[in-house]
Amino acid sequence: MVSAILAMGRTLGLEVIAEGVEHPQQAEILRSLGCEQIQGYLVSTDEHNVL
């Protein structure tokens, strides 16, 4: 399913960003499928937003 979404995004000329990436293994799989943009706990935490 991820491959299909990435292919559709490429076909439409869109930048695809994977959300909810929490583990390095997820990021590796996404990169191997051609997804260059990720966001999620792996790359940014909410620690700076703690009141």
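Which residues make up the largest nonpolar core? The legends below start from that question, and the model they describe is a predicted one.

**Figure 1. The whole chain, for orientation.** Two helices and two strands are what you get here, and reading along the sequence they come in the pattern α-β-α-β. The chain runs to 51 residues, with buried ones making up 16% of them. Its accessible surface adds up to about 4,300 Å², and carbon and sulfur atoms own 55% of that. As for contacts with a separation of 6 or more, 15% of them link residues 24 or more positions apart.

**Figure 2. The largest nonpolar core, seven residues in all.** Here's the answer to the opening question: Leu6, Ala18, Val21, Ala27, Leu30, Cys35 and Ile38. In soluble globular proteins, nonpolar side chains tend to be buried together. Ala27 is one of the core members, and once you skip its neighbours within four places in sequence, it is in contact with Val21, Ile38 and Leu42. Val21 and Ile38 belong to the core as well.

**Figure 3. Zooming in on Leu30.** This residue sits in helix H2, which covers residues 24-32. Leu30 counts as buried because its relative accessible area is 13%, and the cut-off for buried is under 20%. Ignoring residues up to four places away in sequence, Leu30 touches Val2, Ala18, Val21, Cys35 and Ile38. Leu6, another core member, is 24 residues from Leu30 in sequence, with 9.5 Å between their C-alpha atoms.

**Figure 4. A nonpolar patch on the surface.** Met1, Ile5, Met8, Leu12 and Leu14 make this one, and it comes to about 600 Å². Take Leu14 from that set: its place is the loop between helix H1 (2-11) and strand E1 (17-18). Is Leu14 buried or exposed? It counts as exposed, because its relative accessibility is 53% and the line for exposed is drawn at over 50%.

**Figure 5. Gly40, in the segment after strand E2 (37-38).** Gly40 is partly exposed, since its relative accessible area is 21% and buried would need under 20%. Leave out residues up to four places away in sequence, and Gly40 touches Gly20 and Val21. Val21 turns up again here, having already appeared in the core. Ala18 is 22 residues from Gly40 along the chain, and their C-alpha atoms are separated by 8.3 Å.

**Figure 6. Glu36, in the loop between H2 and E2.** How exposed is what to look at in this view: Glu36 has 73% relative accessibility and so counts as exposed. Where does Val16 come in? Glu36 and Val16 are 20 residues apart in sequence, while their C-alpha atoms are 7.9 Å apart in space.

Key:
Residues numbered from 1 in each chain as written. Predicted model: local features only at pLDDT ≥ 70, side-chain atom pairs only at ≥ 80, totals over all residues. Heavy atoms only, no water. Core = buried A, V, L, I, M, F, W, Y, C linked by side-chain atoms within 4.5 Å. Buried < 20%, exposed > 50% of the residue type's maximum accessible area, 1.4 Å probe, protein only. Contact = heavy atoms within 4.5 Å. Helix = DSSP H or I, 4+ residues; strand = E, 2+ residues; numbered from the N terminus. Patch = residues over 30% accessible without salt bridge, like charges linked within 9 Å, V, L, I, M, F, W, Y side chains within 5 Å. Areas by Shrake-Rupley, 256 points an atom, 1.4 Å probe, with all protein chains shown as cover. Salt bridge = Lys/Arg side-chain N within 4 Å of Asp/Glu carboxyl O.
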